[in-house]
Amino acid sequence: APLGPASLYAESKVMAEESISASTSDFVILRNALMYGFGLNHSRNHFHRVFENLREGKEVLLFTDQFRTPIELSNAAELIGEIIKKNISGEMLNFGGSERVSRLQLGQMLCDAFGFDKSLLKAVALKDSPVKYKVKDVSMNINKMLNYGLKPLSIKASMNLFRKINDEQ
């Protein structure tokens, strides 16, 4: 789809892509809409904070009407390793998951996997939030990625892995 950056930040990303692709043929640009999972070295991302809040019985506000195609962090790292092994070069790839979900739906899947109370999830509309740039759909077509044999885990599969790791700890 044609690019239409809605902010200076988004515009700078497009400019960086154009600059890189114009200056060399040995590149891979990965466009991403949302990564989820648990960071290393005690880092915390939005998903991790949602997990912690739900585990502690605290309410979480999540958008119902902004859609993304999220990819799990460790799975993304594995797929980057595959890109390197396959020697893919000179490509711009939409790098995400295969499922289009809202943050609320992702939160519901987290609750399902861990048995958290779904009533702690509070639906929020993007239009009612203080977010400056209200982009409703950041989901991506990942067919090009799939054509390279790069298949992301489903959200359910990654949630099951989280649960298994949590149970082992």
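This text walks through two nonpolar cores and two buried strand residues of a predicted model.

Start with the largest nonpolar core. It holds 21 residues, and Leu-54, Leu-106, Leu-110 and Met-159 touch the most other members. Four elements each give two or more residues to this core: helix H2 (46-55), strand E3 (60-63), helix H4 (103-114) and helix H6 (155-168). H4 supplies the largest share, six residues.

Leu-54 shows how one of these members is surrounded. Beyond its neighbours within four places in sequence, Leu-54 is in contact with Val-60, Leu-110 and Cys-111. Its contacts also include Phe-116, Asp-117, Leu-120 and Leu-121. One of these partners, Leu-110, is itself among the residues that touch the most other core members.

A second core is separate from the first. It has ten residues, among them Ile-71, Ala-76, Leu-93 and Phe-95.

Leu-93 leads on to Ile-29. Leaving aside neighbours within four places in sequence, Ile-29 is in contact with Leu-93, and also with Glu-17, Ile-20, Glu-91 and Met-92. Ile-29 sits in strand E1 (residues 28-31). Its relative accessible area is 9%, so Ile-29 is buried, the cut-off being under 20%. Ala-6 lies 23 residues from Ile-29 in sequence, and their C-alpha atoms are 20 Å apart.

Ser-102 is the last stop. This residue belongs to strand E7 (residues 101-102). Ser-102 counts as buried because its relative accessibility is 3%. Outside the four places on either side in sequence, its contacts are Phe-63, Thr-64, Gln-66 and Phe-67.

Technical notes: Residues numbered from 1 in each chain as written. Predicted model: local features only at pLDDT ≥ 70, side-chain atom pairs only at ≥ 80, totals over all residues. Heavy atoms only, no water. Buried < 20%, exposed > 50% of the residue type's maximum accessible area, 1.4 Å probe, protein only. Contact = heavy atoms within 4.5 Å. Core = buried A, V, L, I, M, F, W, Y, C linked by side-chain atoms within 4.5 Å.
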